[in-house]
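Let's take a walk through this structure together, one piece at a time. Keep the 3D view open and turn it as you read.

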Amino acid sequence: MTATSPASTSRRRRISGIGLVLVAVYGILALAATGRSTVQILSDYSEAPLAYSLSALAAVVYILATVALVAPGRGWYRVAWITIGFELLFVLTVGTLSIVDAELFPRDTVWSYYGGGYLFVPLVVPVLGMLWLARHRPGTVRDAS
Amino acid sequence: MILWYTVVQIVVAVLAGLLAVAFGLAKRPPSDLTMAGAALLGVLLLAQIVMAIVAPLTGNDPTGNPYEFWAYLISAFILPPVAILWALLERSRWSTVVVGVACLAVAVMLYRMHVIWTVQLA
């Protein structure tokens, strides 16, 4: 292993600096959502099918968003926008519904009460994600894509 | 779970987390000190896994959903090693912050585990 200087390795990836913290937060959220939805669906799916399906959806979206933030290229950049936009939409919709119509969600999801069960991280992180994406378009970073 | 041990773990997680976040924001790359905090937390969690296996045999059962408890415990146990590995691969100040964030996430998970173990939900 010779030719890879630190500069060239950091240029190959889209994300660096504080963006890495964002990726870490997304990774943790993906892990938490996956664990929660797996347990919910395996132990008592019939009790709250809508809430539990949403938990599973949340898990998939967070995993996709984590990957999309790290992976290089315009395609993944678009996926990052879509998944993160989707998260913001859902945390607001499900958050509102869980307060207005509690019967709809007899069990909590990651997005219930605007992510209150997760210290509102699910509400804050998509906004930070969008800010980060807006300031780091693939064109501005000289990568191979 | 045993209350005093839970408290010890949460205190270590919060202290290690705040320390690493503070060091990271002070532009320090990951150091032995910040990674030792996360490593200590990992060891404590390993002991917690053993205790969670043994405790039900001595009549100390979780009152909540045991699967949910284990999902949290295993997730929490994975975090410190991953954060340390990350810090070893990426020697930047932000890696120190990542280690801190991971420790703080473990603190929250430990609190959730405590609730699942002790509070009657259903």
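What kinds of residues line the largest cavity? They divide into five nonpolar, two polar and two charged. Keep in mind that you're looking at a predicted model. If you want to find the spot on screen, pick out A:L31, A:A32, A:G35 and A:R36 on one chain, then B:E68, B:A71, B:Y72, B:S75 and B:M109 on the other. Two helices each supply at least two residues of this lining: α2 of chain A and α3 of chain B, the latter covering residues 66-89. The space inside comes to about 60 Å³. You won't need to hunt for others of this kind, since the structure holds one cavity of 30 Å³ or more. How do you find empty space in a model at all? Rolling a probe the size of a water molecule over the atoms shows where it is left.

Now for the pockets. The largest pocket has a volume of about 790 Å³. Which residues should you click on to get to its centre? Of the 30 residues in the lining, the closest to the centre are A:V21, A:V25, A:V121, A:V125 and B:V101. Both chains take part here too: α2 (19-44) and α5 (121-135) of chain A, along with α1 (3-25) and α4 (93-118) of chain B, each supply at least two lining residues. Which helix gives the most? That's α4 of chain B, with eight residues. As for what the pocket lining is made of, it divides into 25 nonpolar residues, three polar and two charged.

Let's step back and look at chain A as a whole. It has five helices and zero strands, so to speak an α-α-α-α-α run when you read the elements from the N terminus on. Of its 145 residues, 42% are buried. Chain A exposes about 7,400 Å², and carbon and sulfur atoms supply 68% of that area. How do parts that are distant in sequence meet up? Take the contacts in chain A between residues at least 6 apart in sequence: 70% of them join residues at least 24 apart.

How far can you trust what you see? Chain A averages a pLDDT of 81, and 85% of its residues score at least 70. Among the elements of chain A, helix α4 (residues 74-100) has the highest mean pLDDT, at 91, while helix α1 (residues 6-12) has the lowest, at 45. Over residues 1-11 of chain A, pLDDT stays under 50, and the model has five contacts for that stretch beyond four places in sequence. Where pLDDT is low, the predicted coordinates should not be read in detail.

Next, follow chain A into the loop between α4 and α5. Is A:S112, which sits in this loop, buried or exposed? A:S112 is buried, because its relative accessible area is 2% and the cut-off for buried is under 20%. Leaving aside its neighbours within four places in sequence, A:S112 is in contact with A:V94 and A:S98.

A:Y114 belongs to that loop as well. With a relative accessible area of 24%, A:Y114 is partly exposed. Its backbone has a quirk you can check: A:Y114 has a positive phi of about 55 degrees, although it is not a glycine. Also in the loop between α4 and α5 of chain A is A:F120, where phi is near 65 degrees, again a positive value in a residue other than glycine. A:F120 counts as partly exposed, at 41% relative accessibility.

Let's finish on chain B with two residues in helices. B:L15 is found in helix α1 of chain B, and it is exposed, with a relative accessible area of 56%. How far is B:L15 from B:G100 in space? They are 85 residues apart in sequence, yet 9.1 Å apart from C-alpha to C-alpha. B:V82, in helix α3 of chain B, counts as partly exposed at 43% relative accessibility. B:V82 and B:W70 are twelve residues apart in sequence and 18 Å apart in space, C-alpha to C-alpha.

Note on methods: Residues are numbered from 1 along each chain as its sequence is written. Chains are lettered from A and ligands numbered from 1 in the order in which they are written. This is a predicted model: local features need pLDDT of at least 70, side-chain atom pairs count only at pLDDT 80 or more; totals for chains, interfaces and linings use all residues. Side-chain values use heavy atoms; hydrogens and water are left out. pLDDT is the predictor's confidence in each residue, from 0 to 100. Helices (H or I, at least four residues) and strands (E, at least two) are DSSP runs, numbered from the N terminus. Contact means heavy atoms within 4.5 Å. On a 1 Å grid over the protein atoms alone, a cavity is a set of points where a 1.4 Å probe fits but cannot get out, and a pocket is an open set with protein on both sides within 12 Å along at least five of seven lines; lining residues have an atom within 4 Å of a point. Grid points are joined across faces, edges and corners, and a volume is the space filled by probe spheres set on the points. Ala, Val, Leu, Ile, Met, Phe, Trp, Tyr, Cys and Pro count as nonpolar, Asp, Glu, Lys and Arg as charged, and the others, Gly among them, as polar. Buried means under 20% relative accessible area, exposed over 50%, partly exposed in between (1.4 Å probe, protein chains only). Accessible areas come from the Shrake-Rupley method with a 1.4 Å probe; for residues, only the protein chains shown count as cover.
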